[in-house]
Amino acid sequence: MKPTRFILVDDDNLNNMLSKLFIKRTLPNIEIVDFTLPEKGFHYMETAFTFDKPIPSILLLDINMPIMDGWEFLKKYSLLDKKIQEQITVYILSSSVDKKDQDFSADHKNVKRYLVKPITLEAIKKIYEENDFAIYSPG
Amino acid sequence: MEKNLAEELRISNIELVFQIKEKEKREIKLIIAKQEFAFQNLEIEARAEELKDLNDKLYKTEISLSKANRLFSFISHINKTITRVNDEQTLFNEACRIAVEIGEFKMAWIGILDPSDCKIKLMASSGATEEDIKLLSDEGFHIDGLKETNMQDPDYRTVSNIQKAEQIQWKDYAAARGFISAVSLRIKKSGNVIGTFNLYTAETNLFSDKEIIMLKEVVEDISFGVDLFEKEKTHQNTVKLVTENEMRFRALIENSTDMKTLTFKEGKVFYCSPSVKKSLGYSFEEYLELNPQNLIHPDDLPDYFKKWNDLLQLPGQSFHFRQRRLHKKGNWVWCEGNITNLLEDHSIGGLVSNFRDITEKMIAEKRHEFDKNNLDALINSTEDLMWSVDRNFNLITSNIPFDKMIKRNFSAVIPKGGNILLASYTPKRLNHFKKQYNRAFAGEAFVETEHIAFPVEGWFEIFYYPIRKGDEVIGTACHSRDITAIKKVADNLHKSEAFHGGVINSLSAHIAVLDASGNIIAVNETWKRFGIENGETTFQRTEIGSNFFKVCLQSVEAGYTIAEDALKGIKEVFQEKRIDFYLEYTCHSPDKQRWFGMHAKRFESDETMVVIAHQEITKRKLAENKLIVTTNELQRALSDLTKIMDASLDVICAIDANGNFLKVSAASEAVWGYKPDELIGKPLLNLVYSEENEKTQLTAAKLKEGNNLGYFENRYVRKDGSLVPIEWAARWDKKDQIRYGVARDVTEKKRLEKAFEIERLQFFDLFLEAPSSMGVLSGSNHLFIMANPPYLELIGKRDIIGKSVLEVLPEVVEQGFIEMLDEVFRTGKAYSANEKLIKLDVKNDGKLVDRYLNFLYQPHRKEDGKIDGIFFFVVDVSELVLSRKTIEESEARLNEAQALSHISNWGINLATGIHSWSDEFYTICGIKPGDMEPSVAAYLSFIHPEDAADVKQAIQKTLETFEASHFYSRLISKDGLTKYIYSEWDFEFDKSGNPLRFYGILQDVTEHKISEEKVIESESKLKVAQAIAHIGSWELDFETKALILSDEGSRLFKLPANQRELSLDDWVNFAHPDDRKSIQKKIEKSIQNLSATSFDHRILLKDGTIRYIHSESKFRFDSGGKPSGINGTMQDVTKSTKSAEKLKQSERRFREFFKSAPESIVVIDTTTMMFTKYNENALRLLKYSAKELIKKGLADISPLFQPDGRATKEIGRELILKAVQGNKTVFEWALIDGNGKEFISEVRLASLSNIEGPLLIANFADITQRKENEKGMAAITSDLLQRNKDLEKFTYIVSHNLRAPVANIMGLLEALRTIDLEPLEKKELMDGLSVSVVKLNGVIYDLNNILQVKNNLPEKRERVSFMQLIENIQISISDQMKKQHVQIKTDFSAIDQMLTLKSYLHSIFYNLISNSIKFRQPSLSPVIVIKSFKFKDKIELHYSDNGLGINMKKEEDQVFGLFKRFHKDTEGRGVGLFMTKIQVETLGGKINIESEVNKGTKFLIQFPI
């Protein structure tokens, strides 16, 4: 089951705009939600998923954000219901080329991959292709 | 016929009986008896004729008759012989001859029993052949083998037929000689048998009873004769003795040393023996003229008179006296004797006084008594025990301490003479003592050390010292000394040395002790450790036993020139050229530069040891080096000038216009006693002698007017108060307003001038006042040009000046004096003579008077050396010479007078060989007159065997030379007493010089000898006692002012062996100069109270040794109670004092060490936890006075809690206990010094090993500096860490924040390039691009700002007013302020200013205020409060607002982080607080935050002042 939704969490509005532009060009029908405030993004994570109708989703998460940064976001994310988590693949999308950030995310079990900004069409294609969710269906 | 014959015989028998009876009567009168014999003889002859006629046949009868006749004739002859002869031997000879010739016996002999060997000795014989005589000497040939028992048998024994007799063994001999029968008759003397008269005949049965009776009569006659001779001899001897005794008596009296006088009742002397002259000096005649009572000492007279008067009433009685009598020469002679009242004895009719000179005895007795008292005083003057024991272990003497000890320990006393070996000793101890005593008896002198545990532990030294009398050991003297104190002192010494060792080892300085030759004799642990750690890089590393000087020399060779200086310095310290020596030197190890200071110091009291201490001074050195570089140049310039000035012996000085010293050269110290430093800045006038102030000021004023001062003299007061005259040369420098002066010390010059004047005056004084005569002669004819009054008096002339000697004293020309003067004048040699006789016409009357002169002629030379006159000095010694001559004469007379004249009480008539002994002679020998025949042999038999050989020799020699002589010897009297005798003798010669008589005296001097021996014995006891106790005694006599010392006393002073006397001055001079005053005080005090006193002092002997003496003295009083002298003892206590001294010295050394140690040391008594000792450095470090510190312990100078939070007392006790257990303990410790300042110190605790004791050494070092350095280091490290973190963060920030806009730009560009975009989209992207670029720029700008702050320290610091600053900020944001109704409340009353970088401080507050406005609560107007606070070393600024606040729990770590933002709704790059923090820190401050969400935020900013 291919992902049907992209969730963008980045305080940088410009980046979200760019990401949406490239996703729309690659997957014109896919659903995209974006947040510049991480808290709001997280609230969405808690509420936008149900168990009876799973929506396979891709999360592109920035690290360097005020109030709640990417790592903190992930910490909270790991506490969410497994059934929610099963529906989401997390990608870090950061401007940082710091190896520490990359290593840290590589160690993180909930992070699929670390992407360095800027995002490209190829990157989105690849994300889409490498995700084939076997999501639990109630039937 | 037979009958007739028988009848005849009977008749003749009757007649014979009658005759026998007659004969008995003859014993009464011999002559009558003889006549009767003769008569009877005639009758018997007549009868025989008749009988012949009557009967020829009666041949046999006739034979027997003739035999009877023969016997009668025999008797008759014997009797005749008895009347004729008068000695035994002749009688015996005659008796034998008559027996053979008249009695017709074949042989007759007489033997007398020799009682000595109980043998019969052949006395006389007749008819005997030589063979017979030989045989008769053999007992076996005697008739009956005569034996002693037989001698007491009846009167005779006969053998009628030898051949038939059974017991006779000489039958053959008898047969050969024709002896048929024999008789042996007993000869008696005084009724006792003394021998036998033996007759042999060829006839048989010769010895009928009748004949035996007749023969018995013969021997009775002989016995009678013997008795008679004996009686006559006795009679003659008696007569002879009577006459001799008279002679002897006179001799005795005349020659005895005892004086005998006969005195009338009234006291007048009418006889005196010659010995009076010998003892008292008066001749016989003189003495008779004197009343002897006038000679008696006034003190002795009253008693004498009383006794004398009593005696007059008691005829026949006598009294004894002992008194002083006046010798003719004026001295008192002690006399002892008896006076007997013999007034009623007509042959005497006076009082007989018999006395002798006992002065010597008295002296001996007195001396003995003194010695005995002295001995008693001596042995009781010490606390030591003294006693002596004889060979029977009986106590002879003991002192009071000994008796006390016995009483204390045994609750008993040992009486004198009691056994010393107490039963209460254990057998083991008893045996021990016995053994020791016996060792001493065997002659060994030894010391035993005894350790006693009970009742109090103590050590004793017991001296055993044999007492000798001659060669014999008669006992032992013992002396027990309590040496506990010495022992303990030694113990303490040992402990204290260990203690010091502990201290030294705990020091951190490297310390070594050198002896004078450079050997290292001790080093401490630090020294050793340094050597191990540093190898052989410097000269300070060496081990004990190696030679430091050598190491230095090796270092010099290796190129360390500094070692040479070190060596020189240390040697100078040894040579006392300097007190100490300090040298700094480098000792760089490969990785570190280091400096050391070497300090060499002599022990205060010990010139043979030097302590070398090395201390690292690197830090100080580094600082110094900088200073040195900067000041060096200046110094050099100055020192050149100073050197020139200082080289001058005169003081060169510069004085400013006010008269104060500006500069003074070093000579000022020599001239004024002040060092230049002491003078600079002070007025010159202060030094000027007050009387010359005015003069000096005037001169100085003159000088200022421009008069250069060539010469000016005034006086100055030196530092020591003395005056010094100074000669000045001075110049005034108008330009600089300085007076330059050169001052010269002219003391010496002044002194010489004065001395010259004094000498001149002295010469005239001498000349005029001199007691000796002197004068000056001028020219070759000796004109008097000077002569002093004594000279004029001597020669008896006046007005002699200008006259020649020849004119003035013409009488001396012939005596050669002018020639002497000529000789001196010519040769220039001085001439002197002593006691030269000169005859002078003193009275100018032509009579010459003898004068003895000592004189000196001394040539006087002109300046060119030529002689122009003669000095003469004359001393008149006439009186001296004349009186000496008189004395010499009288001495000669005295010697003559002292020539020997002595007595005799025995004599040998050399012509007759007869010896005579006086009664007393016998008495001395213990026998009675008549007991023994006087002879040399008899005399010698009494002489003590040991002396016999000497005496024999003396007598023999005398008899060869006939010279007077004498000897002393011993004699053993018959009753076994040993007596000392004195014998003296002389000879009497006839006209032709042949010796007639040998006579002399024999005197019993035992009493004298014994008292002498007693003296010797007591003296020797005293000596022994003194020697073993090292106690000497002395006696000061106030009258003679002389000090008499005992042997030991003399030894203590190391006087020559025979010197026993010291003058008072000498004695005082022996006292150590430092002690004299105190001794004098003691003595003065004791004289005031006349009390016994004791004092300790030192004596300084001539060889430089010092002895410590304990003296005790007591006053001696005469009979009137006046003090007459002082008796004292002195004990050498050097040994014990030295030990104590050594302890002191060791302690002193320690103190020195302690004092000079470069560290701060205290000693802690761990029982009280208090400090007991501390050194100067400790006081300096801890800033307490010595008094304060001693009352404190470690806890008292520490804060209650240590930096690690633990309680001081608890942790302190723990550490001290650890150290006590022997662990070296080093720890950091907070201390509070005397000023209340807390500081961190490193404390090293070390227990003093080897010493059981509660002491710890604590060594403090202030490590505040080090601590701070460490802190600094930590700060730097943390700074570095921070920077590193910052750098990391920075990388991070760059990767996030810098790259974010870059990534956006890249993304946007990519989108623009690759994607077909709608125009609206395109515009959106282009706008986004623009925003990203602006953002990028902003980030770069921020980074630039941050890097600037971090790396640069721009601008100058300036004084910034907080108030001003805040106002400026308010103005710059006034729009916002108004808009948001912001209130800023400030209070900078505590402090309003600080020195800082204005822009930074501005930025800090700007950021804070703008943050407060930015993050305000929506509902509230922002209120900001800023306050300043001032502290000792810091300023605090408190900033608070009422804004949103930050959740500190969440954000604490990140508040001040770069690019951190806490508020989503508000713009901001997260740089403000980061920048604020960096700026605060750059200014050296700190910033802290406290915040609560929705309440506000507080910032606390601290800046150092």
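# Chat about a two-chain contact and two sheets

User: Where in chain B is B:E835 found?
Analyst: B:E835 is in strand 28 of chain B, which covers residues 831–840. Keep in mind that this is a predicted model.

User: What is phi of B:E835 near?
Analyst: Phi of B:E835 is near 50°, which is a positive value in a residue other than glycine.

User: Which sheet does strand 28 belong to, and what order do the strands take?
Analyst: Strand 28 sits in an open sheet of five strands in chain B, ordered 27-26-30-29-28, and the pairing is antiparallel. Strand 28 is an edge strand there, and so is strand 27 (783–787) of chain B; each of them pairs on one side only.

User: And how much are neighbouring strands of this sheet turned against each other on average?
Analyst: By 30° on average, with direction ignored.

User: How many bridges join strand 29 to strand 30 of chain B?
Analyst: Nine bridges join strand 29 (residues 849–861) and strand 30 (residues 867–876) of chain B, and the two run antiparallel. One example is B:L856, whose bridge partner in strand 30 of chain B is B:F873.

User: Which strands does helix 26 of chain B lie across?
Analyst: Helix 26 (residues 817–827) of chain B lies across strand 26 (773–778), strand 28, strand 29 and strand 30 of chain B. The helix runs at about 135° to strand 30 of chain B.

User: Next, the sheet with strand 31. What is the strand order there?
Analyst: The order is 32-31-35-34-33 in chain B, an open sheet of five strands with antiparallel pairing.

User: Why is one side of strand 32 and of strand 33 left without a neighbour in the sheet?
Analyst: Strand 32 (915–917) and strand 33 (965–972) of chain B stand at the edges and have a single partner strand each, so one side of each has no neighbour in the sheet. Neighbouring strands of this sheet are turned by 20° against each other on average, direction ignored.

User: What holds strands together in a sheet, generally?
Analyst: Strands of a sheet pair through backbone hydrogen bonds, in a parallel or an antiparallel way.

User: Back to strand 31. How many bridges join strand 31 to strand 32 of chain B?
Analyst: Three bridges join strand 31 (residues 906–909) of chain B to strand 32 of chain B, and they run antiparallel. The two form a hairpin with five residues between them, and B:G913 in the turn has a positive phi of about 75°.

User: Over how many bridges do strand 31 and strand 35 of chain B pair?
Analyst: Strand 31 and strand 35 of chain B pair over four bridges, in the antiparallel sense. B:G907 stands opposite B:Y999 in strand 35 of chain B. B:G907 also stands opposite B:S916 in strand 32 of chain B.

User: Which strands of this sheet does helix 30 of chain B lie across?
Analyst: Helix 30 (residues 945–961) of chain B lies across strand 33, strand 34 (978–989) and strand 35 (995–1004) of chain B. The helix runs at about 150° to strand 33 of chain B.

User: New topic: how many residues does the contact take from each of chain B and chain A?
Analyst: The contact takes 29 residues from chain B and 28 residues from chain A. The two chains bury about 2300 Å² between them, and 61% of it is on carbon and sulfur atoms.

User: How many salt bridges does the rule find across that interface?
Analyst: One. A:R25 forms a salt bridge with B:E1321, and the closest N and O atoms are 2.9 Å apart. There are also five residue pairs in polar contact between chain B and chain A, both residues being at pLDDT 80 or more.

User: Which elements give two or more residues to the side of chain B that touches chain A?
Analyst: Helix 39 (1264–1314) and helix 40 (1319–1351) of chain B. Helix 39 of chain B gives the largest share of that side, 15 residues. By class, the side of chain B that touches chain A has 10 nonpolar, nine polar and 10 charged residues.

User: How many salt bridges does the structure hold over all chains?
Analyst: The structure holds 38 salt bridges over all chains. The pair of B:E1321 and A:R25 crosses between chains, from helix 40 of chain B to helix 1 (residues 13–26) of chain A.

User: Last one: what is the peptide bond from A:K117 to A:P118?
Analyst: That bond is cis, with omega near -5°. A:P118 is in the loop between strand 5 (111–116) and helix 6 (121–130) of chain A.

Notes
Residues are numbered from 1 along each chain as its sequence is written. Chains are lettered from A and ligands numbered from 1 in the order in which they are written. This is a predicted model: local features need pLDDT of at least 70, side-chain atom pairs count only at pLDDT 80 or more; totals for chains, interfaces and linings use all residues. Side-chain values use heavy atoms; hydrogens and water are left out. Contact means heavy atoms within 4.5 Å. Buried area is the accessible area (1.4 Å probe) that two parts lose on being put together, summed over both. A salt bridge is a side-chain nitrogen of Lys or Arg within 4 Å of a carboxyl oxygen of Asp or Glu. A polar contact is a pair of N or O atoms within 3.5 Å; within protein, one must be able to donate a hydrogen and the other to accept it, and residues adjacent in sequence count only if both atoms are side-chain atoms. Ala, Val, Leu, Ile, Met, Phe, Trp, Tyr, Cys and Pro count as nonpolar, Asp, Glu, Lys and Arg as charged, and the others, Gly among them, as polar. Two strands pair if DSSP finds at least two bridges between them. Axes are lines fitted to C-alpha atoms, for helices over the stretch in contact, and angles run from 0 to 180 degrees between N-to-C directions.
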